[in-house]
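Reader: I am new to protein structures and would like a close look at a single part. Please choose one, explain the terms as they come up, and then show what lies around it.

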Amino acid sequence: MINALRGMKDTLSPQSETYLFMIETCSKIAERYGFSFIETPILEETALFKRSVGESSDIVGKEMYQFIDKGENYVCLRPEGTAGVVRAFIQQKYDKAGEKKRFFYHGPMFRYERPQKGRLRQFHQFGVESFGEAHVREDATIILMIKEMLDAMGVGFTLEINSLGCPECMPQYRTTLVNFLSNTDGLCKDCERRKLTNPIRVLDCKNETCKTLLSNAPLIVNHLCDGCRQDFTTLRRILDQFGVAYSVNPKLVRGLDYYSKTAFEFVSNEIGAQSAIAGGGRYDRLVEFLDGKPTPGVGFA
């Protein structure tokens, strides 16, 4: 008997009805916020994710389903949605037109990692991407939209936020962090690798020994430039005005290299070991990284 591959599951009733309800609910709310549907290919050039997600990320380093096709092209199954939407935004020349665009998408993503409760090798995401709006109110708008979606589906959550800085303040912080890490022994193998490739990722390590060793590590929130500090204050003020409960987690980082400034995560204790149910933030340099005209962007999945 031929079975489904490990970490890839059929979706049957009643789970399929729940899945459709979630997609329809999120889509209607996104449309009400001015987002339009986009569908990008499941298969993309491997280079798209190496350049956007970053070769230092776990996704590119260990988790991508990549291969060479019959045309000798290096391709992979998409591990996340943002890079493909950015590629489409540039390919349609929206960046050169200076247009503001808001998209939402949903569909399967693929990562080769250890299957466990709440985490599969083929998994489904709903996400949105907003281009062309640099003001932090767009960050707040997306957070408010996610809250509305989760409330509509009856999903309990807590919200964590942080600022990852910008090209002005991040380099100085990175130097400070690297100096701290160079005097820290006993980190796990992943953190030893991240020390050389993307040091800020060590702050998000789940290893208990690393957590202890990094308890006194310097934090980016204490090294923000005036602009980033003001934006983070504005974000918190807007969330306060709308009565959105949150906590500042100064060690919250995103797993992908393209994020800067706002980072956020909605967390649930109802789905097993992997507690994040929605996460995202700002990525003002990603369009430029993929050869487009510099365009601010922010989104979540």
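Author: A residue is called buried when its relative accessible area is under 20%, exposed when it is over 50%, and partly exposed in between, using a 1.4 Å probe and protein chains only. Helices (H or I, at least four residues) and strands (E, at least two) are DSSP runs, numbered from the N terminus. This is a predicted model, in which local features need pLDDT of at least 70 and side-chain atom pairs count only at pLDDT 80 or more, while totals for chains, interfaces and linings use all residues. Residues are numbered from 1 along each chain as its sequence is written, and side-chain values use heavy atoms, with hydrogens and water left out.

The part chosen is strand 11, which is covered on both faces. On one side Gly-297 and Gly-299 are buried, and on the other Val-298 and Phe-300 are buried as well.

Strand 11 belongs to an open sheet of eight strands with mixed pairing, in the order 1-5-6-11-10-9-7-8. Two strands pair if DSSP finds at least two bridges between them. At the edges of the sheet are strand 1 (36-37) and strand 8 (247-248), each paired on one side only.

Strand 11 has two neighbours in that order, strand 6 and strand 10. With strand 6 (residues 122-131), strand 11 (residues 297-300) pairs in the antiparallel sense over four bridges. In these pairings Glu-129 has Gly-299 as its bridge partner, and Phe-131 has Gly-297. Strand 10 (residues 276-282) also runs antiparallel to strand 11, and three bridges join them. Here Val-298 is the bridge partner of Arg-282.

Phe-131 leads on to the nonpolar cores. A nonpolar core is a set of buried Ala, Val, Leu, Ile, Met, Phe, Trp, Tyr and Cys residues joined through side-chain atoms within 4.5 Å. The largest one has 46 residues, and Val-86 and Phe-131 touch the most other members. Two or more residues each come from helix 2 (46-52), helix 4 (82-91), strand 5 (101-110), strand 6, helix 7 (170-182) and helix 11 (286-289). Helix 4 gives the largest share, six residues. Contact means heavy atoms within 4.5 Å. Not counting residues up to four places away in sequence, Val-86 touches Phe-131, Tyr-283, Leu-286, Val-287 and Leu-290. Another core, of 30 residues, lies apart from the largest one and includes Phe-104, Val-128, Met-153 and Phe-264. As a general point, nonpolar side chains in soluble globular proteins tend to be buried together.

Further along the sheet, helix 10 (residues 226-241) lies across strand 7 (158-163), strand 8 and strand 9 (260-267). Helix 10 runs at about 160° to strand 7, where axes are lines fitted to C-alpha atoms, for helices over the stretch in contact, and angles run from 0 to 180 degrees between N-to-C directions. The loop between strand 8 and strand 9 holds Pro-250. With a relative accessible area of 23%, Pro-250 is partly exposed. Leaving aside residues up to four places away in sequence, Pro-250 touches Asn-162, Leu-219, Ile-220 and Val-221. From C-alpha to C-alpha, Pro-250 and Gln-116 are 27 Å apart in space, and they are 134 residues apart in sequence.
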